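Work through these exercises with the model open beside you. Try each task before you read its solution.

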Amino acid sequence: MFISSLGAPNPNALWLNSRGMWFGYVLMVAFLHFLLMSVPFITTGMAWTLTHLIHNVGNYVMFHYIKGTPYTTNDQGDARRLTNWEQIDNGDQYTATRKFLIAVPVVLFLLASFYTINSFNHSVVNLLVLCIGVLPKLPYFHRLRLFGINKY
């Protein structure tokens, strides 16, 4: 959780370990799903697929595309080239927060697959979206930029 040698916490990743974050995160995903279910022409399976898609694309942008910190920190630019995911828990792998953030896309994939009755088209979309949501979180991709995307 500490980026710098001065011991100042990084507020960009600090909120993920705050009290009630997991509950609030699940509530926001549930609210998104209920919002999609309120649209008259969207079926339950389509709503789960859209929930999965919106969550994972938003999650990718927020955690794996945006770099740096919006706050002034004492890290002397150490976090400038790191994504938000790489700043969580000072880059330690398999912490409770990281496990939770990996488990949510998997659970959404299982729910979407169940409610679409394993429809081939939905399964392909859900599998691709699962890859977008989980692969960048694996330790192999820590500080790795594929094809130079988001290198600078």
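**Exercise 1: a closed space**

Task: Find which residues line the second largest cavity, and sort them by type.

Solution. The second largest cavity is lined by Gln93, Tyr94, Arg98, Lys99, Ile102, Lys137 and Pro139. Keep in mind that this is a predicted model. Now sort the lining: 3 residues are nonpolar, 1 is polar and 3 are charged. Next, take the volume. The second largest cavity holds about 30 Å³ of space. Last, take the count. There are 2 cavities of 30 Å³ or more.

**Exercise 2: α5 against α6**

Task: Work out how α5 and α6 run relative to each other.

Solution. Two packed helices are described by the angle between their axes and the distance between the axes. Start with the angle. Helix α6 covers residues 120–134, and α5 packs against α6 at about 175°. The axes of α5 and α6 lie 9 Å apart. Angles over 145 degrees count as roughly antiparallel. Therefore α5 and α6 are roughly antiparallel to each other.

Then list the contact. From α5 come Ile102, Pro105, Val106, Phe109, Ala112 and Ser113. From α6 come Asn126, Leu127, Leu130, Gly133 and Val134. By type, the contact of α5 with α6 has 8 nonpolar residues, 3 polar ones and no charged ones. Note Ile102: this residue is in the contact with α6, and Ile102 also lines the second largest cavity.

**Exercise 3: α2 against α5**

Task: Are α2 and α5 roughly parallel or roughly antiparallel? Find the handedness of their crossing too.

Solution. Locate the helices. α2 spans residues 21–37, and α5 spans residues 96–115. They pack at an angle of about 20°, with axes 12 Å apart. Angles under 35 degrees count as roughly parallel, so α2 is roughly parallel to α5. The crossing of α2 and α5 is right-handed.

Now list the residues that meet. α2 offers Met21, Trp22, Tyr25, Val26 and Val29. α5 offers Ala96, Thr97, Phe100, Leu101, Val104 and Leu108. Sorted by type, the contact of α2 with α5 has 10 nonpolar residues, 1 polar residue and no charged ones.

**Exercise 4: an open space**

Task: Describe the second largest pocket by volume, lining and residue type.

Solution. Volume comes first: about 280 Å³ of space lies in the second largest pocket. Its lining has 14 residues. Nearest the centre of the pocket lie Tyr25, Met28, Val29, His55 and Met62. Tyr25 and Val29 also belong to the contact of α2 with α5. Then look at the helices. α2 and α3 (44–65) each supply at least two lining residues. Finally, sort the lining of the second largest pocket: 9 nonpolar, 5 polar and no charged residues.

Note on methods: Residues are numbered from 1 along each chain as its sequence is written. This is a predicted model: local features need pLDDT of at least 70, side-chain atom pairs count only at pLDDT 80 or more; totals for chains, interfaces and linings use all residues. Side-chain values use heavy atoms; hydrogens and water are left out. Axes are lines fitted to C-alpha atoms, for helices over the stretch in contact, and angles run from 0 to 180 degrees between N-to-C directions. Helices (H or I, at least four residues) and strands (E, at least two) are DSSP runs, numbered from the N terminus. Angles under 35 degrees count as roughly parallel, over 145 as roughly antiparallel, 65 to 115 as roughly perpendicular and the rest as oblique. A crossing is left-handed if the near helix is turned anticlockwise from the far one by less than a right angle, and right-handed if clockwise. Contact means heavy atoms within 4.5 Å. Ala, Val, Leu, Ile, Met, Phe, Trp, Tyr, Cys and Pro count as nonpolar, Asp, Glu, Lys and Arg as charged, and the others, Gly among them, as polar. On a 1 Å grid over the protein atoms alone, a cavity is a set of points where a 1.4 Å probe fits but cannot get out, and a pocket is an open set with protein on both sides within 12 Å along at least five of seven lines; lining residues have an atom within 4 Å of a point. Grid points are joined across faces, edges and corners, and a volume is the space filled by probe spheres set on the points.
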